[in-house]
Amino acid sequence: MMQRTDLDNIINELAYNSSTEALRNLIKMYHMRLYRYIGMYVRDTDAVSELVSDVFYSIWQQKTELLVVNNFEGYLFRMAKYKALNFLRKRNLNTVNIDEIPVELYVDTVSSPEDNVIKIEDVQELNNAIEMLPPKCKLAFKLVREDGFSHKEAADFLSISVKTLEVHLTRAMHKIRSVIESQRQKEAKLKEKHTSGEEIS
């Protein structure tokens, strides 16, 4: 039986050293359990296999954020659940009682100045800004803005209140805006310096 310390060691190896061996160990430990779990929601076996792979891909992509996750198994299976439900929603396949599960889609109803910055900014700059966020802010931002979770879904996923989630999102947006504006100022100064040099020559 896997001991808690063993799991912690695997997660630390994954997060700190980007260990593919640690990822393979997690796959060995949880693949069949995730397959059975997602299979309770999705009836298509090929889709189940893809969703399981997607869960592990997300774990790999978010490996550094795992360090702030208190309950890895709960985190893993919540991720599997929401991926399964998102799959069903996109295909309008109501094979489970959706009404009993908080699965409302995230929809922006207000366009804030921060949102406008994001929409017009270069993708690479945005990605760089996101990567500079503190782990909890980054995870909250990715769940809502990239994975399409509602505020309630993301809060449930992270085992925090909606209010706390919104604090993380607000901090994330301000940090992203600050990083992007700083980058713009640097680029403007470089451009101005380059232009001045051409005029002198």
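Throughout these legends, a residue is called buried under 20% relative accessible area, exposed over 50% and partly exposed in between, with a 1.4 Å probe and protein chains only. The structure is a predicted model, in which local features need pLDDT of at least 70 and side-chain atom pairs count only at pLDDT 80 or more, while totals for chains, interfaces and linings use all residues. Residues are numbered from 1 along each chain as its sequence is written, and side-chain values use heavy atoms, with hydrogens and water left out.

**Figure 1. Overview of the chain, with nine helices and zero strands.** Helices (H or I, at least four residues) and strands (E, at least two) are DSSP runs, numbered from the N terminus. Along the sequence the pattern reads α-α-α-α-α-α-α-α-α. Of the 201 residues in the chain, 40% are buried. Contact means heavy atoms within 4.5 Å; among contacts with a separation of 6 or more, 62% join residues 24 or more positions apart. The accessible surface of the chain is about 12,100 Å², and carbon and sulfur atoms account for 51% of it. This area comes from the Shrake-Rupley method with a 1.4 Å probe.

**Figure 2. The largest nonpolar core, with 43 residues.** A nonpolar core is a set of buried Ala, Val, Leu, Ile, Met, Phe, Trp, Tyr and Cys residues joined through side-chain atoms within 4.5 Å. The residues with the most contacts inside this core are Tyr30, Leu34, Ile38, Val42, Ile59 and Phe72. At least two core residues come from each of helix 1 (4–17), helix 2 (20–39), helix 3 (45–61), helix 4 (72–90), helix 7 (135–146), helix 8 (151–158) and helix 9 (162–200). Helix 4 contributes the most, with 11 residues. Apart from this core lies another, of 10 residues, including Ala129, Ile130, Met173 and Val179. In soluble globular proteins, nonpolar side chains tend to be buried together.

**Figure 3. Surroundings of Ile59, one of the residues with the most contacts inside the largest core.** When neighbours within four places in sequence are left aside, Ile59 is in contact with Leu14, Leu26, Leu66, Phe72, Tyr75, Leu76 and Met79.

**Figure 4. The aromatic cluster of Tyr30, Tyr37, Tyr41, Phe72 and Phe77, linked by ring pairs.** Rings of Phe, Tyr and Trp (its six-membered ring) pair if their centres lie within 6.5 Å; planes under 30 degrees apart count as stacked, over 60 as edge-to-face and the rest as tilted. Six aromatic pairs are found in the whole structure. One of them, between Tyr30 and Phe77, is edge-to-face, with 6.4 Å from centre to centre and 75° between the planes. Tyr30 in helix 2 and Phe77 in helix 4 are 47 residues apart, so that the pair links distant parts of the chain. Tyr30 is buried, at 2% relative accessible area, and Phe77 is also buried, at 14%.

**Figure 5. Salt bridges made by helix 4, formed by Glu73 with Arg33 and by Lys83 with Asp54.** A salt bridge is a side-chain nitrogen of Lys or Arg within 4 Å of a carboxyl oxygen of Asp or Glu, and by this rule the count comes to five. The side chains of Glu73 and Arg33 meet with N and O 3.5 Å apart. Glu73 belongs to helix 4 and Arg33 to helix 2, 40 residues apart, and the pair links distant parts of the chain. Both side chains belong to partly exposed residues, with a relative accessible area of 31% for Glu73 and 35% for Arg33. In the bridge of Lys83 with Asp54, the closest N and O atoms are 3.1 Å apart. Because Lys83 lies in helix 4 and Asp54 in helix 3, this pair ties together parts that are 29 residues apart in sequence. Lys83 is buried, at 15% relative accessible area, whereas Asp54 is partly exposed, at 31%.

**Figure 6. A salt bridge within helix 8, between Asp156 and Lys152.** The N to O distance of this bridge is 3.2 Å. The two residues are four positions apart, about one turn of the helix. Asp156 is partly exposed, with a relative accessible area of 31%, and Lys152 is partly exposed as well, at 40%.

**Figure 7. Charged side chains over the rings of Trp60 and Phe157.** A charge sits over a ring if NZ of Lys or CZ of Arg is within 6 Å of the ring centre and within 35 degrees of the ring normal. Lys63 lies over the face of Trp60, 4.1 Å from the ring centre. The charged end of Arg78 sits over the ring of Phe157, at 5.9 Å from its centre.

**Figure 8. Surroundings of His168 in helix 9.** His168 is buried, with a relative accessible area of 13%. Apart from neighbours within four places in sequence, His168 is in contact with Lys136, Cys137, Ala140 and Ile160.
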